Amino acid sequence: MKKNTKGIMSLLLAAGLLAGCGSAAGSSRTSAAAVTAAPAAETAAASESSAAGSGAAESAETEASSSGAGSGKTLVVYYSATGNTKAAAEMIAGAAGADLFELTPVEPYTSEDLNWSDDNSRVVKEHEDEALQNQVALTTTSVDAWDSYDTVFIGYPIWWGIAAWPVNQFVQNNDFTGKKVIPFCTSSSSELGESGKNLAEMAGTGDWQEGRRFSSHPDSADVTDWVSSQI
Ligand SMILES: Cc1cc2nc3c(=O)[nH]c(=O)nc-3n(C[C@H](O)[C@H](O)[C@H](O)COP(=O)(O)O)c2cc1C
């Protein structure tokens, strides 16, 4: 499906819809102006992230920090292009005593790839063609001991009001039957919106919860409080 990417973004910004395209309880709101500046800021941040080694060297990994207690384990799966969702994921894992699993595209997004104001950038082309979104391959979508996890948090940045599509193949390739699935996202100002519901439909299995949006720089006490209300 073709979309007028810049037109849509401009309209959303003008209408302030990016600041309120959802209603996750307790989510913070910031001004639409913050959104205007955000993607450019993220583009700059992306180069730092790439330089810091967010590519193949930092491939999908599990970190042995499982609680091991109770009836089952908790996993925090996330994709993060510029580090914000990663920070939130690490806070959630710390609060939940969970394992972490980072989703890494086979072709990581560079700062040029993430430049939403460039009609020819990778992310704009993918935004304009949903088929491309589902083709973003990950280094792996297979989690060791997947059956041992009862609860799965799944995190992503918001891109144009929806979940950043590098999470799609993970959601499509895994069976969430019997698992409580809790979406979370970071964004400049958009809410979680329909992103969690869309992923639940994409998965087709699992007990998906409402989820929660955090700002691009989540507050650790805020995250911890929320986690304790979820598990
Ligand atoms: C291509 C692109 C599109 C974005 N679209 C939105 C949006 O629609 N609404 C919003 O509030 N923020 C948007 N952002 C900002 C990111 O959601 C936000 O900075 C997020 O915290 C980035 O997370 P990350 O560092 O884990 O990648 C966008 C950023 C990029 C790169």
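**Strands, helix α3 and ligand shell in a predicted model**

Colleague: In which sense do β3 and strand β4 pair, parallel or antiparallel?
Modeller: This is a predicted model. β3 covers residues 149–159 and β4 covers residues 162–163. Between them there are 2 bridges, and the sense of the pairing is antiparallel.

Colleague: Which residue in β4 is the bridge partner of Ile158?
Modeller: The β3–β4 pairing rests on 2 bridges. In β4, the residue that partners Ile158 is Ala163.

Colleague: Which residue in the hairpin of β3 and β4 takes a positive phi?
Modeller: The hairpin has 2 residues between its strands. A phi near 50° belongs to a residue other than glycine, found in the loop between β3 and β4. That residue is Trp160.

Colleague: Does Trp160 count as buried or exposed?
Modeller: The cut-off for burial is 20 or more other C-beta atoms within 10 Å. Trp160 has 20 C-beta neighbours inside 10 Å, so Trp160 counts as buried.

Colleague: Ala145 also has a positive phi; is Ala145 buried or exposed?
Modeller: Phi of Ala145 is near 55°, and Ala145 sits in the loop between α5 (130–133) and β3. A residue is exposed if 12 or fewer other C-beta atoms lie within 10 Å. Ala145 has 11 such neighbours and therefore counts as exposed.

Colleague: How many of the residues of β3 are buried?
Modeller: β3 has 11 residues and is mostly covered. The count of buried residues in β3 is 10.

Colleague: How many bridges join β3 to β5?
Modeller: β5 spans residues 180–187, and β3 and β5 run parallel. In this pairing Pro157 stands opposite Thr186. The number of bridges between β3 and β5 is 7.

Colleague: Over how many bridges do β1 and strand β3 pair?
Modeller: β1 consists of residues 73–78, of which 5 of 6 are buried. Val76 stands opposite Phe153 in β3, and Val77 stands opposite Ile154. The pairing is parallel, and its bridges number 6.

Colleague: Which residue in β2 stands opposite Val76?
Modeller: β1 is also joined to strand β2 (residues 99–102), by 4 bridges in a parallel arrangement. Opposite Val76 in β2 stands Leu100.

Colleague: What is the handedness of the β-α-β unit that β1, helix α3 and β2 make?
Modeller: The two strands of the unit, β1 and β2, run parallel. The helix of the unit is α3, residues 84–96. The unit is right-handed.

Colleague: How far apart are the end C-alpha atoms of α3?
Modeller: α3 has 13 residues, and at 1.5 Å a residue the expected span is 18 Å. The model agrees with this, with end C-alpha atoms separated by 19 Å.

Colleague: How many residues of α3 are buried?
Modeller: The buried residues of α3 include Asn84, Thr85, Lys86, Met91 and Ile92. The buried residues pack against β1, β2, β3, β5, β7 (212–215) and α8 (220–230). α3 is largely enclosed by the rest of the structure because, of its 13 residues, the number buried is 10.

Colleague: Which residue follows α3?
Modeller: α3 ends at residue 96. The residue that follows has a positive phi, near 60°, and is Gly97.

Colleague: Which element gives the most to the shell around the ligand?
Modeller: The ligand is surrounded by 26 residues, and Ser80, Thr82, Asn84, Thr85 and Pro157 are the closest. At least two residues of the shell come from each of α2 (32–51), α3, β3 and β5. The element that gives the most, with 4 residues, is α2.

Colleague: How many charged residues does the shell around the ligand have?
Modeller: The nonpolar class holds 12 residues of the shell and the polar class holds 12. The number of charged residues in the shell is 2.

Colleague: What share of the residues of the protein count as buried?
Modeller: The protein has 231 residues, with secondary structure of 8 helices and 7 strands. Of contacts between residues at least 6 apart in sequence, 79% join residues at least 24 apart. The share of residues that count as buried is 44%.

Methods: Residues are numbered from 1 along each chain as its sequence is written. This is a predicted model: local features need pLDDT of at least 70, side-chain atom pairs count only at pLDDT 80 or more; totals for chains, interfaces and linings use all residues. Two strands pair if DSSP finds at least two bridges between them. A crossover is right-handed if, with the strands pointing away from the viewer, the path from the first strand over the helix to the second runs clockwise. A residue is near a molecule or strand if its C-beta atom, placed from the backbone, lies within 6 Å of it. Ala, Val, Leu, Ile, Met, Phe, Trp, Tyr, Cys and Pro count as nonpolar, Asp, Glu, Lys and Arg as charged, and the others, Gly among them, as polar. The expected span of a helix is 1.5 Å times one less than its number of residues. Two residues are in contact if their C-beta atoms, placed from the backbone, lie within 7 Å.
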